[in-house]
Amino acid sequence: MKGIMTPRHVALWIAFAAIMLLLPQVVSNGTLRIIIFANFLAIFAMSWDFLSGKTGYVSFGHPFLIGIGAYTTAILSYRFHMPIEYSIPIAVLTTIAGGTFFFLPALRIKGTYFALVTLAFMELIYQLTQVIRPDLTGGTRGISGVKTLLVGAVPNYYFSFLLMLGIALVLWVLARTRLGTALDAIAMNEEAVSGSGLSTTKLKLFAFMVSAAVAGIGGAFYVHYLGSIAPRALFDIDFVFTIIVSALIGGASTIVGPMLGAFFMTFLLEYLRPLLPGSERYLIYGLVALVLYVYQPKGIYAIIADLRDGMRSKNANNSKNSGKVGDGKAA
Amino acid sequence: MTQILIQGFLLSGLYALIAVGFTLIFSVGRVLNLAYGAYIMMGGYAYFYAVHIWHLPKTLGFLSAVVVGAIAGILMYRLLVKRLEGDQVAVEISTLILAVIIQAGIVLLFNDSSKILLPIVNGVWHVGSTTITKNMVMAMIASWIILGGLLAFVKFTHLGRAIQAVSMDPKGALISGIRTDRINLTTWAISGALGAVAGVFFATHTQLNPSMWVSPLIIAVAVVIVGGIGSIIGSLIVAHIIGFMEIITSTLIGAELRGIFTMLLIIIVLVVRPQGLFGRGDL
């Protein structure tokens, strides 16, 4: 078995972190705000990737998990004046518990049907938040005036980036252990995995819990960054679309890919803004996503890996390749 | 009580109409077309454009909806679904992306404000204390005629039986000399047209706006999943279960809760009985 983290990987991660940490010296606060959003989107996309990209159980209802995390901490801190140090961990635990709602159907159904159940979960919670105890959830209008954690673009940028980096490293290392390999195998052939004497139920439960925990962390901190929450913005098919597309465009099942994808999609949308001020942006944005997905379902990660391989073979340098190349699969 | 019965039948008729095109694709192509809601939206907007902006007669409005829906279906199959060669999850994801693209296109063409579509038939009837719009009755009658026609088409015509054959066993159909590709194309066109017609009625029932595609899509998904995949009769029955459940909850409990039981039904049926209430029928 290859080493989980080679010196080259360490160097790449450090270089990435260094560039990102120096960024506030160079770019404007407006751009930082965009990157903060990209950081949170990357967290959501990686959470999606760990569940759906890895195990092949495609979730169309990830905002269900994110929403549980966000709403729990928002309600606890805003309605019950609980300090954030307590409300966020409780929110994450609640989200993990919510992840088992995703897990139950996954015991029996997969593929298309699983995707639909998760979509139904999202619609269900969307309608429930408006009806059940609107005095707590704020109903259709949601909650605004939630305590924010930090003030200003620069501190928020550093915080969201470090949060994202921490999650990325943990998930990336997890994905490269034998456990991660087993999860990949579930996506390919679940019967074969259980035939090899591994408990697919336990493996799936693990993936779902990790994914839910990440979604909960992301959701909870996101609401304390925004300071407000509303059901329509959260439990929305457009939000699902953004998460899934980021993960797929980046490269499903690679963890690094969804991170790249989140940055790519966010900046695509932002750079289209001056060119196309109106809603045409979303048309172009969607078309780019569709064409990229149909052209290379393995995403940007695979495109980069292919390019790198092309350069390598040109240099006739067949040194040991430490990266997982081209084995990222479409979800 | 009569109110529940009448409104239940009317709403269920509309739901059956919405679901049937979706069922057709699922049974023949074995793929979930998440852009199906977009047909519904495009049908509604095509009718709006023809009748309210160009002031064409209503028949031509319907005709334009049918044409737009059928073309959308054909393009979707040719350009996207065929390329992905039966990879179910890839089709789902790419049709979801497509639906969002179409939504953006609609915003671009018609801007994102809601538009009211005037009823196709004006007037109301009073039955006891209940008021029934003639428009909903028309939608129900149209739905029954279309469903009956479709059932007859599938059972008794050559093309319909070929569609049935492909839905049962594509390879077997191919060996028997059926051009499965052409059958698939036809089915996508029919599904698009059915969706678009349903869209006109749905739009008069609610209103036109660029995000109107989500709720009919969920209804179609619920009907297909709960009914058992690809059974037209099963879909019809489940459309009535869902329609009546919505009416009963909104009259007896509260209008806000009407959608919740549909979601619960999807979740429970999928978890407890993934093959659907009426099994995996063939058309």
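Here a visitor asks a guide about helices and contacts in a predicted model.

Visitor: Why are H12(A) and H14(A) called oblique to each other?

Guide: Look at the angle. The axes of helix H12 (residues 237-250) of chain A and helix H14 (residues 280-295) of chain A cross at roughly 40°. Angles under 35 degrees count as roughly parallel, and 65 to 115 as roughly perpendicular. The angle here fits neither range, so H12(A) and H14(A) are oblique. Their crossing is left-handed.

Visitor: Which residues make the contact of H12(A) with H14(A)?

Guide: H12(A) brings Val245(A), Leu248(A) and Ile249(A), while H14(A) brings Ala289(A), Leu292(A) and Tyr293(A).

Visitor: What classes of residue does that contact have?

Guide: By class there are 6 nonpolar, no polar and no charged residues in the contact of H12(A) with H14(A). Tyr293(A) belongs to this contact, and Tyr counts as nonpolar here.

Visitor: Why are H2(A) and H10(A) called roughly antiparallel?

Guide: Helix H2 (residues 29-55) of chain A and helix H10 (residues 200-226) of chain A pack at an angle of about 165°, and their axes are 9 Å apart. An angle over 145 degrees counts as roughly antiparallel, so this pair earns the name. The crossing of H2(A) and H10(A) is left-handed.

Visitor: How do the residues of the contact of H2(A) with H10(A) divide?

Guide: They divide into 14 nonpolar, 4 polar and 2 charged. Among the residues in this contact are Phe40(A) and Phe44(A) of H2(A), and Lys204(A) and Gly218(A) of H10(A). Lys counts as charged and Gly as polar.

Visitor: Turning to chain B, how do you know that the span of H3(B) agrees with its number of residues?

Guide: H3(B) has 27 residues, and at 1.5 Å a residue they should span 39 Å. The end C-alpha atoms are 38 Å apart, which agrees.

Visitor: Where is the kink in H3(B) centred?

Guide: The kink is centred on Tyr77(B), and the bend there is about 40°. After H3(B) comes Glu85(B), whose phi is positive, near 45°.

Visitor: How many residues does each chain bring to the contact between chains A and B?

Guide: Chain B gives 34 residues and chain A gives 38 residues. On the chain B side, H3(B), H4(B), H9(B) and H11(B) each supply at least two residues. The largest share of that side, 15 residues, comes from H4(B).

Visitor: And how do the residues of the side of chain B that touches chain A divide?

Guide: That side has 26 nonpolar, 4 polar and 4 charged residues.

Note on methods. Residues are numbered from 1 along each chain as its sequence is written. Chains are lettered from A and ligands numbered from 1 in the order in which they are written. This is a predicted model: local features need pLDDT of at least 70, side-chain atom pairs count only at pLDDT 80 or more; totals for chains, interfaces and linings use all residues. Two residues are in contact if their C-beta atoms, placed from the backbone, lie within 7 Å. Helices (H or I, at least four residues) and strands (E, at least two) are DSSP runs, numbered from the N terminus. The expected span of a helix is 1.5 Å times one less than its number of residues. The bend at a residue is the angle between axes fitted to the seven residues ending there and the seven starting there. Axes are lines fitted to C-alpha atoms, for helices over the stretch in contact, and angles run from 0 to 180 degrees between N-to-C directions. A crossing is left-handed if the near helix is turned anticlockwise from the far one by less than a right angle, and right-handed if clockwise.
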